[in-house]
Amino acid sequence: MFRIGQGIDFHQLVEGREFWLGGIHIPHHKGALGHSDADVLLHAICDALLGALGLGDIGLHFPDTDMAYKGADSKILLKKSYELVQAKGYKLVNADSTILLQAPKIRKYVDEMRQVIADILEVAIDDISIKATTTEQLSFVGREEGIVATANVLLQKV
Ligand code: MG
């Protein structure tokens with residue numbers, strides 16, 4: 001009746017890219033580098049959704065060699081991933097995630113991200129959790145060279 005899934009994603013942060021996170025645009029002097037809009041949080045949630053049902057991963061369904069996904073809005077990838085879940089007869093119970101990021105501070109954007117994700121996944125905002133931590137200046141995250149997101153989901157058979 002229940003399935004759990006886990007996802008993780010990494011992207012470089014570079015000057016001159018728009019910063020998309022959790023489906024929204026955040027003003028910052030750097031953005032994540034990638035084939036799509038490089039939204040690490042949405043990518044981690046996609047992988048968790050796919051993983052819960054053994055459906056592979058985001059790279060399998062939306063390859064970065066496919067020009068259809070160049071600059072793609074990751075909200076579309078999330079919607080398509082959830083359609084695969086629904087086609088298997090499952091729905092989301094809840095999702096919990098953590099973003100590892102040194103800067104900028106994102107707390108004031110979290111509820112907007114939760115609402116965007118909840119709308120796509122057809123759940124209430126309270127069913128979507130987004131947490132964030134710095135790495136205390138340690139590693140590539142601490143040097144503001146990259147961003148990481150992890151996500152876990154619980155699915156229930158409809
Ligand atoms: Mg990614």
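Is Ser139 buried, partly exposed or exposed? I began with this residue in the predicted model. Ser139 has 36% relative accessibility, so I entered it as partly exposed; the value falls between the 20% limit for buried and the 50% limit for exposed.

**Entry 1: backbone of Ser139.** I placed Ser139 in helix H5, which covers residues 139–142. I then read its phi, which is near 70 degrees, a positive value in a residue other than glycine. I noted this because most residues other than glycine have a negative phi.

**Entry 2: Glu122.** I looked up a further positive phi and found that of Glu122 near 60 degrees, again in a residue other than glycine. Glu122 belongs to the loop between H4 and strand E6 (128–133). I recorded Glu122 as exposed because its relative accessibility is 53%, and the limit for that class is over 50%.

**Entry 3: the peptide bond before Pro104.** I checked omega from Ala103 to Pro104 and found it near 0 degrees, so the bond is cis. Most peptide bonds are trans. Pro104 sits in the loop between E5 and helix H4 (110–121).

**Entry 4: Ser97.** Which strand holds Ser97? I found this serine in E5, residues 90–100. Its relative accessibility is 2%, and I therefore entered Ser97 as buried, the limit being under 20%. I next looked for a polar partner of the Ser97 side chain: one of its polar atoms lies 2.8 Å from the backbone oxygen of Ser129. Setting aside residues up to four places away in sequence, I listed the residues that Ser97 touches as Leu41, Ser129, Ile130, Lys131, Thr150 and Ala151. Ser129 thus appears in my notes both as a polar partner and in this contact list.

**Entry 5: the largest nonpolar core.** I found 48 residues in this core, and the members that touch the most others are Leu21, Leu49, Leu92 and Leu121. I then asked which elements give two or more residues to the core: they are helix H1 (40–52), helix H3 (74–87), E5, H4, E6 and strand E7 (146–157). The largest share, 10 residues, comes from H1.

**Entry 6: Leu49.** Which residues does Leu49 contact, its neighbours within four places in sequence left aside? I listed Leu78, Tyr82, Val85, Leu92, Leu121, Val153 and Leu155. Two names in this list, Leu92 and Leu121, also stand with Leu49 among the core members that touch the most others.

Technical notes: Residues are numbered from 1 along each chain as its sequence is written. This is a predicted model: local features need pLDDT of at least 70, side-chain atom pairs count only at pLDDT 80 or more; totals for chains, interfaces and linings use all residues. Side-chain values use heavy atoms; hydrogens and water are left out. Helices (H or I, at least four residues) and strands (E, at least two) are DSSP runs, numbered from the N terminus. Buried means under 20% relative accessible area, exposed over 50%, partly exposed in between (1.4 Å probe, protein chains only). A polar contact is a pair of N or O atoms within 3.5 Å; within protein, one must be able to donate a hydrogen and the other to accept it, and residues adjacent in sequence count only if both atoms are side-chain atoms. Contact means heavy atoms within 4.5 Å. A nonpolar core is a set of buried Ala, Val, Leu, Ile, Met, Phe, Trp, Tyr and Cys residues joined through side-chain atoms within 4.5 Å.
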